[in-house]
Structure formats: structure tokens, C-alpha cells
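Biologist: I am new to this one, and I would like to learn how its labels are earned. Could you show it to me and let me ask as we go?

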Amino acid sequence: MWTRKSRDCISRVAVTLVGYSVLLAFALIFIFLLWQVWPLFQPAKISVQSLESASVTMVDSYSVQSTNGHTATHPLMLDNGLDERVQLQADGYFQWYLRVGDDWQLQMQGHLGLASWQAATMLSGSRTLLVADKNAQVYSWFRLHQELIVRPRITLRQMELQALIPVSADSFFSLHPGQLDWYHVTTGKHLAELQLPDTPLQQLQLSEDRQLMRLHWGPDHSQAYQLQWQHPAVAGGQLWSAVHYEGRREAAYVWQTAAAADDSNPRLSLIPLTSGTLKAAGYAMLFATPLAILAAVFTAFYLPERWRYRTRATMEMLESMPTVILGFIAAFLLAPWLEQQLMLFFVLLVLVPTVLVLCSALWFHWRQRQQQQAEQPGAVLVLSLVAGILTAFMLAPALEHAWFDDSLLLWLAGQGIDYQQRNALIIGMAMGLAVIPSIFSLTEEVVSQVPASLTQGVLALGASRWQTLSSMVLPVAAPGILAAVLLGLGRALGETMILIMATGNTPLLGFDPFEGMRTLTASLALEMPEAAVGSSHLKVLLLAALLLLVLTFLINTLVSLLRQRIRQRYLQL
């Protein structure tokens, strides 16, 4: 026969085990994600390999003398190994050719702006031309149609330069007496260095995958090396900084996982995804927070117990609604309607709250003039809401005709504002509906739990219900309301289905309400199944998952601390 004491003991042990199991699971997930993303931040290395283990066929061979052997009468011919070729004169004059079929057609010609130079090369499989001047400054250009675009220059670590040798589409070697340096062109970062013998280097060979290199100083003197650089797509802080990629006129934050036809490297900046996540959560909270808090305060402080129960049940039903349904409504019903009735939306946004506030103020003023108790004007609020909506429907066409020549969308286009059908406004409303129940439930709970003795004491002193609410109830419940808002923010940051269906999934940077976005959660859901195992793309997605995990953990921890503080405050009261 189990005694009550033994059952309580078993219950406490079970609850403790469950709590520690959850913490252990969270710790294991955190450690796994950290272990997966750690290679992203490993630096590049050049390590010695034995010639027997490095028996891979070398496909590219570079002679040091030919790389730097230009004269004023013999121009240097450079090519990228594919379909681009540059003829460079000693005075900086160049001719850029493109192979069309079996012929080389001149695309552009001109002067690089350098009076002299000491070494030059073209990156393998790229349109980038590198030229080093006498001051160890490496200048970078690439051809964009019929225009030559300048990229940030790179300062070499040594002045005396023997040759520039291409390694890949975005990295190169600079050969100096006794040293070989490895640079990343896209970010201008120094990757690694290798100390060389004093004997002049004659030849450098690279394998097809660019992971093995063989250096030759003579017929009987050679050495193999391994190039360790697992994730060049995130080198040099590309995850969080603006980068001037080949094919773009200026530095930008770019998320592009699929290589374009003329590009071979993914571009994995997390800034557009982070911006999209904050943008979606911000607009959702801007829509949900005032509605949820006002509804919760009204329900907890003004509604009778019967209607309070029904309102709670309605909110619980809304919270249990699958977000895919909200996403479907947002994408296929709300978005087309808003595109056609954009002016009506803005008129409703301004007019309805204004009418509600004015009617409520007039009602309370009239009740006070009549020396009657100013109860909540439920019927007046409903009538004023209907009147505000009808007025907005009548005013919107007239205002659009008078101010925007019958079309707000055309006026926005004339101002250079691109209105996309699936934009932040749609996300704010759809995801706001998903967030409202979370904020409402906790806010209504903390307002209801304010001790009745305090409320009755303030009312007994002659204060009105509004004065009691504003001067006593809300200040006491403020930490709980803040916790509710933070809980809603965590809910908004983790939303996925609505964002996949109603955003357009375009990785844009900025907080324009008329543009779409792409978020971290949407990228995880859409791209994780297609990412190759061990690729930079997959590890960056895991890094995004780690960031979301840490962020939501911090938000929920803060919410728990605030709720604990509320309980302690109520006990003291």
C-alpha cells in the first residue's frame, strides 16, 4: 500500500528526472550543433605531404618564370582556363577576349590605370584579373558585360614579388623569396603562408580539387603539400560582412546557395536571413502586441465571468489552429485582397482606432455629465466599430482618387517603391494572429492574479475602474505583461509555415513593409533536405539553427525569471 508521503516522493523524483532530462537533451543538441559548425571557423592551412601519399594527378602546372616574364615588346597573355583571355601590355594597356566557338572575340580594351606592374594572373574558372604593382598592391578587376569593375585591392605582406599564381576561382598564391602566401580575393584576407627553401622555385602544380600541391625546385628536388581549406564560402567573415562578389557592382550581403551560370561559389551571408527573421517578427509583434494586451486587460478586468470564460476558450481554439491554415489564408486570400485594397487598409488602420477612442471618450464624458457610473460601453463600442469600418469603405476610394490619381500602387511605383504581393504587411497580420493567443493568455493570467484586496481597496478610496487599472493593476502586472510579450516574440521568431507560404522567400535586406523576405526558419525548412552532407551550405544552415536555439532559449529563460518574480511579488502583497 502506497502512502501519501511515498507517492509525493515518487512524484518529486519523476518531476526532477524529467526536468534534468530536458536540460540534458538541450545540452546534447547544443553540443551537436556546435560540433557541426566548428569547422566553419577553422583557418586555412598548408601542410607537408609525402610524395608517395600525394600520388594524385596534377592537372595545372605553373612555371614561375613564365608568370613574371613580360617585357615591353612582348605582352603577357593570361587566361582563366575556360573562355576568357586577357592580353596585358607592360604599360597597363589590355585587351579582353571571349571565346565564341573556336574564335576569340575582342570584348573590351583600355588602360588599367597602372604605369607599371610586376606580376599578373587570371583566377582559374573566373573572370577576375589580378595585377600587382611595384608597391606590393594587388589590384583586382572583373569583366561585367562591357564594363570593367574594380574590386578592393589587397596589400601583400612582402614587397619583393616573384609571381602571382591562381589557386581557385577566388584565391591565389603570391610567391616571394623564401615564402609562399595564400590570399582570398573575395575578402582580401591572408589565409596561410609557407616557408620555402632559398633555392629558386621553378614549377608549381595543383590537383584538380585544389587540395594537393607539388613544388619543384629542380629535377631531384620536389615536395608535396596539402591545402586544407574546407569552407571557402564563409572565409574572412563573409557570414556577417558585406562582400564584393564577382558579378556585382558593389559590396553586398548576399544569400545565394545555387550557383549561377557564370559563377561557381555559393554566397552565404546570414545578414539577409537574420534581417528577414527580425523583420517578420517585428511586424508580427507590432500587430499582435497592442491587440493582445488590450484584449487581455479588457477580458480580465471588465468582462463578466461568463464572457471571460468564452473569450478564453476562443483564444485557446485560435492558438490550436494549424499555422498552415493561416499561411494559406494569408497567401491566397489576404495577399490578393490587400493588393487590390491597399488604400482601404491604411484608412481602416487609421480611422477605426480613432473612432473607437473618440466614441469611448464621448461616452465616458456623457456618463460623468449625467452623474452616472461610467461602465464599459459595450454596445457603443460595437456600433462605433461598425461605423468606423463603413466610413473607411466610403472614404477610401475618394481619398485614393484625390491624393494618388485613383491608384496607390501606381503612385508607389512612380516613387520607386516596389510593392510585392507577399510582403511584410501580410506576414505581420497572419503571424500576428498566431502570436496573439500566446500574449493574450499570459497577460490575462497575470492581470487576473492581481490580489483582489488591492483592487477593492483602491476602489473603496473612490477611484474609478480606469484609475484602478492604470495606477495599480497595470504597474503590478507589468513584469508579467513583459514576459508575455517576450513569449510572443519567441513564438514569432520560431514560426515557419506562415513564412514559407506568404513571404515570397526572397533574401532581401531592409525593413520595407512592401517587400518580401526570407527567414532563418524558412531557409532551414526549404534548404536543409537539399544541402549536401558536409558542405558549407549545410553547416551554415546548422549555424542558423544554433543561433535560433540559443536565442529562443534566452528568451524563454527570461520569461521564466520574470514569471518567478511575479509570483514572489504577489506573495509579498
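Modeller: Here is a short conversation about salt bridges, surface and empty space. Please keep in mind that this is a predicted model.

Biologist: Let's begin with charges. Why is the contact of glutamate 444 with arginine 312 called a salt bridge?

Modeller: The closest N and O atoms of glutamate 444 and arginine 312 are 2.7 Å apart. A salt bridge needs a side-chain nitrogen of Lys or Arg within 4 Å of a carboxyl oxygen of Asp or Glu, so the name applies. By this rule the count comes to 8 salt bridges.

Biologist: What makes glutamate 444 and arginine 312 a tie between parts apart in sequence?

Modeller: Glutamate 444 belongs to helix 9 (residues 424-448) and arginine 312 to helix 4 (residues 305-319), so their pairing ties together parts that are 132 residues apart in sequence.

Biologist: How do you know whether glutamate 444 is buried or exposed?

Modeller: Its relative accessible area is 5%. Buried means under 20%, so glutamate 444 is buried. Its partner arginine 312 has 29% relative accessibility and therefore counts as partly exposed, because that class runs between the 20% and 50% limits.

Biologist: What makes glutamate 495 and arginine 491 a salt bridge?

Modeller: Their side chains meet at 2.7 Å, N to O, and the limit is 4 Å. Glutamate 495 is buried, because its relative accessibility is 4%. Arginine 491, with a relative accessible area of 28%, is partly exposed.

Biologist: And what about arginine 518 and glutamate 527: why are these residues called buried or exposed?

Modeller: Arginine 518 has a relative accessible area of 10% and glutamate 527 has 7% relative accessibility. The cut-off for buried is under 20%, so arginine 518 is buried and glutamate 527 is buried. Arginine 518 and glutamate 527 also form a salt bridge, with their closest N and O atoms 2.8 Å apart. Elsewhere, Glu84, Arg127 and Arg143 are linked in a network of salt bridges.

Biologist: Now the surface. Which residues form the nonpolar patch?

Modeller: Met321, Val324, Ile325, Phe328, Ile329, Phe332, Leu333 and Met497 form it, with about 690 Å² of accessible area together. Helix 5 (residues 323-340) gives the most, 6 residues.

Biologist: What makes isoleucine 325 accessible enough for a patch?

Modeller: Isoleucine 325, found in helix 5, has 39% relative accessibility and counts as partly exposed. Patch residues need over 30%, so isoleucine 325 passes that step.

Biologist: On to empty space. How many cavities of 30 Å³ or more does the structure hold?

Modeller: The structure holds 1, and about 30 Å³ of space lies in the largest cavity. A cavity is a space where a 1.4 Å probe fits but cannot get out. Its lining is made by Leu318, Glu319, Met321, Leu326, Ala434 and Arg491. By class, that lining has 4 nonpolar, no polar and 2 charged residues.

Biologist: And what lines the second largest pocket?

Modeller: A pocket, in contrast to a cavity, is an open set of points. The second largest pocket has a volume of about 740 Å³. Of its 36 lining residues, Ser168, Ala169, Asp170, Pro232 and Asn265 are the closest to its centre. Strand 17 provides the largest share of the lining, 3 residues. The lining divides into 10 nonpolar, 16 polar and 10 charged residues.

Definitions and conventions
Residues numbered from 1 in each chain as written. Predicted model: local features only at pLDDT ≥ 70, side-chain atom pairs only at ≥ 80, totals over all residues. Heavy atoms only, no water. 1 Å grid on protein atoms, 1.4 Å probe; cavity = no way out; pocket = protein on both sides within 12 Å on 5 of 7 lines; lining within 4 Å. Points joined across faces, edges and corners; volume = space filled by probe spheres on them. Helix = DSSP H or I, 4+ residues; strand = E, 2+ residues; numbered from the N terminus. Nonpolar A, V, L, I, M, F, W, Y, C, P; charged D, E, K, R; others polar. Patch = residues over 30% accessible without salt bridge, like charges linked within 9 Å, V, L, I, M, F, W, Y side chains within 5 Å. Areas by Shrake-Rupley, 256 points an atom, 1.4 Å probe, with all protein chains shown as cover. Buried < 20%, exposed > 50% of the residue type's maximum accessible area, 1.4 Å probe, protein only.
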